[in-house]
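This briefing sets out selected structural features for the bench. The topics are strand pairing, the nonpolar core, one helix and the salt bridges.

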Amino acid sequence: MTPLLMTGCAQSPQILQVKPDIGTALPQTGNGQEIALSVVDGRRSDVLGTRSGSPASTSTIRVPAHDVIPKLQTQAEQALRRMGFSPVEDGSTNATLTLTLADLSYGPVEADAPLLDAAQLQAVLRAQVANDGGTYTGTYTAKRKQSFAIKPDWDSNNRMVSDLLSNALRRTFSDPELSRQLKD
């Protein structure tokens with residue numbers, strides 16, 4: 001009877017299908033310059049954390065690279081176009097932008113605390129521009145502390161992580177130094 005009760009209390013894994021959105025308000029700094037864009041996954045794992053906060057838990061929250069990286073690529077292309085640049089295939093221009101999803105995490109607010117009523121979410125994007133022999137690297141972090149009365153369901157987690165990635169994208173493409181480096 002005890003194993004049945006324990007099984008009933010377990011939380012199932014969540015595989016999110018995030019929908020980041022760059023938004024529309026971006027600085028218009030380009031003049032049609034071609035930018036070779038690549039978006040890569042630099043995370044150690046596609047597991048963000050667990051719904052229980054325990055590392056040994058089966059209630060993992062995942063965002064697979066094969067789902068999120070193409071979506072980040074599409075949003076980055078849209079951002080470059082809105083800024084006045086022209087994204088092209090890699091290798092056909094002197095200017096390149098590599099956008100790396102460096103971190104995406106979901107965990108307890110305090111390192112050793114259980115995930116009972118609040119979670120700390122974080123997304124980190126790293127942008128590296130190489131243009132005419134020079135390079136520029138910017139790191140853009142979006143954080144969110146989310147309190148809740150009951151553990152978030154798939155829709156709530158999907159929305160929170162999508163918003164977090166959208167915020168990190170907006171921070172990236174709103175950076176005036178990134179814009180300057182792209183157009184030089």
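Two strands are taken to pair if DSSP finds at least two bridges between them. With that criterion, Val 39 stands opposite Leu 99 in E6, and E2 and E6 run parallel, joined by 6 bridges. The model is a predicted one, and the points below are grouped by topic.

**Strand pairing around E6**

- Strand E6 covers residues 96-107 and is joined to E2 by 6 bridges in the parallel sense.
- With E7, strand E6 pairs in the antiparallel sense, over 11 bridges.
- Within this antiparallel pairing, Leu 101 stands opposite Leu 125 in E7.
- In a regular strand, side chains alternate between the two faces of the sheet.

**The open sheet**

- Three strands form an open sheet in the order E1-E4-E3, and the pairing is mixed.
- E1 (14-15) and E3 stand at the edges with a single partner strand each, so one side of each has no neighbour in the sheet.
- E3 and E4 run antiparallel and are joined by 3 bridges.
- Val 47 stands opposite Arg 62 in E4.

**The largest nonpolar core**

- The largest nonpolar core has 43 residues, of which Leu 97, Val 161, Phe 173 and Leu 178 touch the most other members.
- The elements giving two or more residues to this core are E2, H2, E6, strand E7 (118-131), strand E8 (134-147), H3 and helix H4 (176-183).
- H3 supplies the largest share of this core, 7 residues.
- Leaving aside residues up to four places away in sequence, Phe 173 touches residues including Ile 22, Leu 26, Pro 27, Ala 76, Leu 80 and Met 83.
- The contacts of Phe 173 also include Leu 97, Leu 99 and Leu 178.

**Helix H3**

- Helix H3 holds 20 residues, 154-173, and should span 28 Å at 1.5 Å a residue; its end C-alpha atoms are 28 Å apart, which agrees with that expectation.
- Its buried residues include the nonpolar Met 160, Val 161, Leu 164, Leu 165, Ala 168, Leu 169 and Phe 173.
- Also buried in H3 are Asn 157, Asn 158, Ser 162, Ser 166 and Thr 172.

**Salt bridges**

- Side chains of opposite charge can pair when their charged atoms come close.
- The structure holds 5 salt bridges, and three of them are described here.
- Asp 41 forms a salt bridge with Arg 43, with 2.8 Å between the closest N and O atoms.
- In that pair, Asp 41 counts as partly exposed because its relative accessibility is 30%, whereas Arg 43 counts as buried at 11%.
- Asp 46 forms a salt bridge with Arg 62, the closest N and O atoms being 2.8 Å apart.
- This pair links distant parts of the chain, 16 residues apart: Asp 46 is in the loop between strand E2 (34-41) and strand E3 (47-50), and Arg 62 is in strand E4 (residues 60-62).
- Arg 62 has a relative accessible area of 26% and is therefore partly exposed.
- Asp 67 forms a salt bridge with Lys 71, and their closest N and O atoms are 3.1 Å apart.
- Asp 67 and Lys 71 are 4 residues apart in helix H2 (residues 65-82), so about one helical turn separates them.
- Asp 67 is buried, with a relative accessible area of 17%, while Lys 71 counts as partly exposed at 24% relative accessibility.

Note on methods:
Residues are numbered from 1 along each chain as its sequence is written. This is a predicted model: local features need pLDDT of at least 70, side-chain atom pairs count only at pLDDT 80 or more; totals for chains, interfaces and linings use all residues. Side-chain values use heavy atoms; hydrogens and water are left out. A salt bridge is a side-chain nitrogen of Lys or Arg within 4 Å of a carboxyl oxygen of Asp or Glu. Buried means under 20% relative accessible area, exposed over 50%, partly exposed in between (1.4 Å probe, protein chains only). The expected span of a helix is 1.5 Å times one less than its number of residues. A nonpolar core is a set of buried Ala, Val, Leu, Ile, Met, Phe, Trp, Tyr and Cys residues joined through side-chain atoms within 4.5 Å. Contact means heavy atoms within 4.5 Å.
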